[in-house]
Structure formats: structure tokens, C-alpha cells
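Visitor: I have a structure to look through and would like to go over a few of its details. Could we begin with the burial of individual residues and then move on?

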Amino acid sequence: MKRKEHIALPPGGFEEATLTSAQHDRVYIKDRFGFIKLALQHGYDVIPVYCFGENATFFNLQGAWKLRLKLNSFGIPGMVAFGSWFCPLLPKRSKYGLYAVCGDALRLPMIENPTREQVKMWHDKYIAALVKVFEDNKCDAYGEEGKTKKLELW
């Protein structure tokens with residue numbers, strides 16, 4: 001970060017992988033403030049990105065969320081995923097393919113020691129921008145089915 005090079009920080013982590021469902025578009029973002037704090041401290045722009053169809057590349061068992069998310073807190077992935085029928089470790093083809101979309105950059109100011117309120121304000125703006133990326137592109141990604149799709153925020 002000190003060299004001011006571009007970096008990618010997918011904020012969802014193990015938790016988002018655990019929650020993945022082929023039937024729902026989900027992101028684990030509500031409690032992820034660290035990437036915004038780092039961006040503020042170093043003056044980075046933050047670009048919301050969503051990858052449509054990624055949730056359909058593996059089947060992931062659903063339910064028992066409290067237990068599985070608790071396992072994640074100990075560094076143990078709480079996901080049980082299966083991909084392609086001939087090799088479950090490889091992803092299966094999504095019927096929609098993969099469609100990654102980048103939104104407009106959020107230009108964050110450089111604040112050496114941001115307050116919780118400042119971090120929360122920019123986090124809320126990031127979430128709104130991420131939802132906008134989803135809403136603006138869901139029909140392009142999913143066709144007619146996209147009209148009823150909603151992004152679940154966890």
C-alpha cells in the first residue's frame with residue numbers, strides 16, 4: 001500500500017464462501033469495515049465489483065449458519081462445496097456464465113486516523129454503490145430472471 005499500487009481486497013472471505021447459494025446472490029459485507037478503514041488511511045479509491053454467476057459454480061450445502069460461521073471465526077472454512085460431477089473440486093459451468101462488473105470508483109479522502117463514524121459513512125456509501133452495480137446489471141447477467149433477483153446483504 002505504501003507504493004500506491006492497485007490492490008484487490010475481496011471483503012467477503014470465508015463467510016461469503018460459506019453463505020454461497022446458487023439460488024441467491026449474497027455478499028457478506030455488513031460487518032466488513034477494515035478495507036474501508038485501510039482505504040481511508042492510505043487515500044485509496046474503492047471500486048465496487050460484483051461477479052454474476054459465480055455463486056452457481058459450486059453447490060454449497062445450506063443451513064446451520066450459526067455453527068458454520070462460528071467455524072469460520074476459528075479459521076476453519078464452514079463451506080461444504082461440490083463442483084463438477086466428474087471432479088467435485090473443479091467448478092461447474094454456470095448457465096449464465098461469469099459476468100464481472102465494476103462500478104464507479106468511490107473517491108475516498110486520505111484520513112490518517114478515521115473515526116468510526118467516518119468509516120461507517122464510507123462503508124454505507126460502498127454498500128449503496130455495490131447494490132447499484134447489482135441492480136443496474138442483473139438483467140444483463142440473468143436475462144428475464146434478473147428482474148426478480150435481489151442482492152442479499154449479510
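Visitor: Is R26 buried or exposed?
Guide: In this predicted model, R26 has a relative accessibility of 13%. That is under the 20% limit, so R26 counts as buried.

Visitor: Which side chain does R26 meet in a salt bridge?
Guide: Its partner is E152, with an N to O distance of 2.8 Å. R26 belongs to strand 1 and E152 to strand 6 (residues 151-153), so the salt bridge ties together parts 126 residues apart in sequence.

Visitor: And how accessible is E152?
Guide: E152 is partly exposed, at 24% relative accessibility.

Visitor: How many salt bridges are there in total?
Guide: The count is eight. Among them is the pair E15 and R32, at 2.3 Å from N to O. E15 sits in helix 1 and R32 in the loop between strand 1 and helix 2, 17 residues apart. E15 is buried at 13%, whereas R32 is partly exposed at 22%.

Visitor: What does D45 pair with?
Guide: D45 forms a salt bridge with R107, and their closest N and O atoms are 2.2 Å apart. D45 is partly exposed at 34%, while R107 is exposed at 61%.

Visitor: Changing topic, what is the volume of the largest pocket?
Guide: The largest pocket holds about 1200 Å³ of space. Its lining has 41 residues, and L9, P10, P11, V49 and Y126 are the closest to its centre.

Visitor: How do the lining residues divide by type?
Guide: There are 26 nonpolar, nine polar and six charged residues in the lining of the largest pocket.

Conventions:
Residues numbered from 1 in each chain as written. Predicted model: local features only at pLDDT ≥ 70, side-chain atom pairs only at ≥ 80, totals over all residues. Heavy atoms only, no water. 1 Å grid on protein atoms, 1.4 Å probe; cavity = no way out; pocket = protein on both sides within 12 Å on 5 of 7 lines; lining within 4 Å. Points joined across faces, edges and corners; volume = space filled by probe spheres on them. Nonpolar A, V, L, I, M, F, W, Y, C, P; charged D, E, K, R; others polar. Salt bridge = Lys/Arg side-chain N within 4 Å of Asp/Glu carboxyl O. Helix = DSSP H or I, 4+ residues; strand = E, 2+ residues; numbered from the N terminus. Buried < 20%, exposed > 50% of the residue type's maximum accessible area, 1.4 Å probe, protein only.
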